[in-house]
Amino acid sequence: MAVRTPLPPNLRWGLAAFSGSLFINNKTRDSGAAHTYHPAHEVLASLPLQMMLYFNVYYFPAWCLAEGMMLQLKYHLLPQHYQFLLVAAFLILSLAEGSRLYLGYVGNLQEKVPELAGFLLLSFLIQLPLLLFLLTDSHLIRLPLEMAVHSLFLAFLLAEMAAAFLALKTMTKQLAAQFYLQRFKEGGGGRPGQGGTGGQAAEEG
């Protein structure tokens, strides 16, 4: 059963257009082309991406617990502005990760280009910069457990981004090929009728 995605139509169209401009120069099925033609379907979902998402779903609560404990231990030792930055980074990472994993599941399993593009953009524009900030800023009093959980989270993130990029590229090209084939069949279906009409007119003349 298809899962209804929370993305607004305009946002879905924009993400599909972004993916199409990145990999091809035309529209795909998800960006508004007709859904009437369904050829023999080739599975485009990425197994490596799905496996990493599966393990990431179980690792994320452990990361939240460890980071919350470390934040509580060192909170009063940090300057006030770093207290604000650390709490904000933790909240943004936690909230964005739930949406990111959901979009990754839907985009990969249901082969939806906009959702998978949203997953990739969230990973690159939000999660990656915040994780690098937590790993590299020495003023945050980086604890050994914190470094370990952040490093593993970063490894998940980079591997998922690479797998999602390859899956998105494959899906976009396949959907574009289906779109071109549909247009070709629609155009070819009208030609015999047009030819027959011309022949009848010639005979009557």
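# A tour of a five-helix chain

Read along the sequence, the protein chain follows the pattern α-α-α-α-α. That gives five helices and zero strands. Please keep in mind as you go that this is a predicted model. Colour the chain by burial if your viewer allows: of the 205 residues of the protein chain, 41% count as buried.

**Stop 1: helix 3 against helix 4**

Start by selecting residues 80-109, which make up helix 3, and residues 113-136, which make up helix 4. Two packed helices are described by the angle between their axes and the distance between the axes. Here the angle is about 155° and the axes are 9 Å apart. An angle over 145 degrees counts as roughly antiparallel, so helix 3 is roughly antiparallel to helix 4. As for handedness, the crossing of helix 3 and helix 4 is left-handed. Now show the side chains where helix 3 touches helix 4: by class, that contact has 17 nonpolar, seven polar and three charged residues.

Next, select E111, in the loop between helix 3 and helix 4. Look at the backbone here: phi of E111 is near 55°, a positive value in a residue other than glycine. Is E111 buried or exposed? With a relative accessibility of 9%, E111 counts as buried.

**Stop 2: helix 2 against helix 3**

Keep helix 3 on screen and add helix 2, residues 47-74. Helix 2 and helix 3 pack at about 170°, and their axes are 11 Å apart. This pair is therefore roughly antiparallel too, helix 2 to helix 3. In the contact of helix 2 with helix 3, the tally by class is 15 nonpolar, six polar and four charged residues.

**Stop 3: the rings of helix 2**

Switch to the aromatic side chains. A pair of aromatic rings is described by the distance of the centres and the angle of the planes. With ring centres within 6.5 Å as the cut-off, the count comes to seven aromatic pairs. Select Y54 and Y58 for one example: their ring centres are 5.1 Å apart and their planes meet at 65°, so the pair is edge-to-face. Both tyrosines lie in helix 2, four residues apart, or about one turn of the helix. Y54 counts as partly exposed, at 40% relative accessibility, whereas Y58, at 56%, counts as exposed.

Now move to Y59 and F153. These two also form an edge-to-face pair, with 6.5 Å from centre to centre and 75° between the planes. Which elements does this pair tie together? Y59 lies in helix 2 and F153 in helix 5 (residues 144-204), so the pair joins parts that are 94 residues apart in sequence. Both Y59 and F153 are buried.

Widen the selection to Y59, F60, W63, F90, F153 and F156, which ring pairs link into a cluster. Within it, F60 has its place in helix 2 and counts as buried, at 15% relative accessibility. Try a distance label between the C-alpha atoms of F60 and F153: they are separated by 8.2 Å, although the residues are 93 apart along the chain.

A second label can go between F55 and F156. Their C-alpha atoms are 8.9 Å apart in space, with their positions 101 residues apart in sequence. F55 is found in helix 2 and is partly exposed, with a relative accessible area of 47%.

**Stop 4: the nonpolar core**

In soluble globular proteins, nonpolar side chains tend to be buried together. The largest nonpolar core of this model has 41 residues. To find your way into it, select L49, W63, L116 and F119, the residues with the most contacts inside the core. Helix 2, helix 3, helix 4 and helix 5 are the elements that give two or more residues to this core. Of these, helix 5 gives the most, with 12 residues.

**Stop 5: the loop before helix 5**

Finish by selecting I141, in the loop between helix 4 and helix 5. Phi of I141 is near 55°, again a positive value in a residue other than glycine. At 31% relative accessibility, I141 counts as partly exposed.

Note on methods. Residues are numbered from 1 along each chain as its sequence is written. This is a predicted model: local features need pLDDT of at least 70, side-chain atom pairs count only at pLDDT 80 or more; totals for chains, interfaces and linings use all residues. Side-chain values use heavy atoms; hydrogens and water are left out. Axes are lines fitted to C-alpha atoms, for helices over the stretch in contact, and angles run from 0 to 180 degrees between N-to-C directions. Angles under 35 degrees count as roughly parallel, over 145 as roughly antiparallel, 65 to 115 as roughly perpendicular and the rest as oblique. A crossing is left-handed if the near helix is turned anticlockwise from the far one by less than a right angle, and right-handed if clockwise. Ala, Val, Leu, Ile, Met, Phe, Trp, Tyr, Cys and Pro count as nonpolar, Asp, Glu, Lys and Arg as charged, and the others, Gly among them, as polar. Rings of Phe, Tyr and Trp (its six-membered ring) pair if their centres lie within 6.5 Å; planes under 30 degrees apart count as stacked, over 60 as edge-to-face and the rest as tilted. Buried means under 20% relative accessible area, exposed over 50%, partly exposed in between (1.4 Å probe, protein chains only). A nonpolar core is a set of buried Ala, Val, Leu, Ile, Met, Phe, Trp, Tyr and Cys residues joined through side-chain atoms within 4.5 Å.
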